[in-house]
Amino acid sequence: MQLTERQKEIVEIIKKYGPVTGEEIAKMIYITRSALRTDFSILKKMSIIKSKQKIGYTYNQAFIDSNNKTLVKHIMSAPITIDESYSVYKTVLLMFEKDIGTIFITKEGNLAGIVSRKDLLRIAIGKRDIEQIPINLIMTRMPNLVFSIENETIEDSIKKIIEHQIDSLPVVRITEKNGKEIYKVVGRFTKTNASRLLLDILSNKNKEKSEVTL
Ligand code: ADP
């Protein structure tokens with residue numbers, strides 16, 4: 001089903017300002033709240049927006065259509081990062097504490113490396129004193145890191161995960177400081193993020209199928 005111009009406008013507002021109330025949206029597009037009731041109802045039924053009492057409307061990040069691509073930054077998780085001076089031992093503890101399979105390592109705020117479960121197991125079975133070994137000795141480092149940029153499409157990131165047979169990608173925002181590029185870690189894109197998105201899409205599709213014509 002095609003959205004009307006007004007519905008597209010509402011979606012754009014919710015994407016930009018959400019959570020935003022129906023009253024606020026009505027003011028922004030100079031239409032009364034009651035005249036928008038049907039539009040809100042259609043957008044909700046199509047799972048493009050969600051509404052929460054007393055909070056307002058938010059965009060359903062899982063919704064994808066041809067003009068409106070979901071990007072990595074919309075569905076990424078929070079990253080767990082540590083400084084390169086961390087010991088291997090402390091990194092193992094952190095991995096358990098955060099229940100996470102990959103940890104990103106930064107140097108002066110810049111993405112410098114990655115360690116995964118297997119990297120830590122490998123060093124742990126070597127019977128070395130892992131309290132004394134800094135994580136930067138065993139991490140996979142730049143320029144061998146595979147990462148996403150926050151505005152990249154989900155397809156591109158999934159391709160990287162598959163091609164390189166890895167579990168997760170650091171998501172970076174590239175900025176410049178004193179003529180040098182800085183790769184600030186802003187997120188983590190994992191196989192779980194991709195699976196959740198797929199599940200949302202499949203559930204939405206099934207819901208649409210079972211709905212009577214709007
Ligand atoms: P696991 O070790 O739990 O199987 P991965 O398959 O993600 O986890 O990692 C396999 C190897 O690839 C490890 O040596 C790890 O350091 C490296 N690695 C993981 N993620 C990346 C990445 N995004 N870019 C480059 N190397 C990575």
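This is a short talk on the ligand site, the domains and a few backbone details of one protein chain.

Before anything else, the model is a predicted one.

I'll start with the overall layout. The domain assignment splits the chain in two, with domain 1 running over 5-65 and domain 2 over 73-190. Taken over C-alpha atoms, the centres of domain 1 and domain 2 are 37 Å apart.

Now the ligand. It is surrounded by 15 residues. Which of them are the closest? They are Ser 116, Asp 119, Thr 140, Val 146 and Asp 167. Sorted by class, the shell around the ligand holds 6 nonpolar, 5 polar and 4 charged residues. In terms of secondary structure, β5 (110-116), α6 (117-124) and β8 (168-177) each contribute at least two residues to that shell.

On to polar contacts, and I'll take three. Ser 116, one of the closest residues, places a polar side-chain atom 2.5 Å from an oxygen atom of the ligand. Val 146 is also among the closest, and here a polar backbone atom of Val 146 is 2.8 Å from a nitrogen atom of the ligand. The third involves Ser 168, where a backbone N or O atom lies 3.1 Å from a ligand nitrogen atom. How much of the ligand does the protein bury? On its own the ligand exposes 540 Å², and 84% of that is buried by the protein. As for the pocket, the ligand takes up the space of the second largest one.

Last, the backbone. Most peptide bonds are trans, and most residues other than glycine have a negative phi. Here are some exceptions in this chain.

The peptide bond from Gly 18 to Pro 19 is cis, its omega being near 0 degrees. Pro 19 belongs to the loop that runs between α1 (5-17) and α2 (22-28).

Another cis peptide bond links Met 142 to Pro 143, with omega at about 5 degrees. Where is Pro 143 found? In the loop between β6 (140-141) and β7 (148-149).

Then there is Tyr 30, a residue other than glycine with a positive phi, near 55 degrees. Tyr 30 has its place in the loop between α2 and α3 (37-45).

That is what I have for today.

How values were computed. Residues are numbered from 1 along each chain as its sequence is written. This is a predicted model: local features need pLDDT of at least 70, side-chain atom pairs count only at pLDDT 80 or more; totals for chains, interfaces and linings use all residues. Side-chain values use heavy atoms; hydrogens and water are left out. A residue is near a molecule or strand if one of its heavy atoms lies within 4 Å of it. A polar contact is a pair of N or O atoms within 3.5 Å; within protein, one must be able to donate a hydrogen and the other to accept it, and residues adjacent in sequence count only if both atoms are side-chain atoms. Accessible areas come from the Shrake-Rupley method with a 1.4 Å probe; for residues, only the protein chains shown count as cover. On a 1 Å grid over the protein atoms alone, a cavity is a set of points where a 1.4 Å probe fits but cannot get out, and a pocket is an open set with protein on both sides within 12 Å along at least five of seven lines; lining residues have an atom within 4 Å of a point. A molecule sits in a cavity or pocket if more than half of its atoms lie within 2 Å of its grid points. Helices (H or I, at least four residues) and strands (E, at least two) are DSSP runs, numbered from the N terminus. Ala, Val, Leu, Ile, Met, Phe, Trp, Tyr, Cys and Pro count as nonpolar, Asp, Glu, Lys and Arg as charged, and the others, Gly among them, as polar. Domain bounds come from an automatic or database domain assignment.
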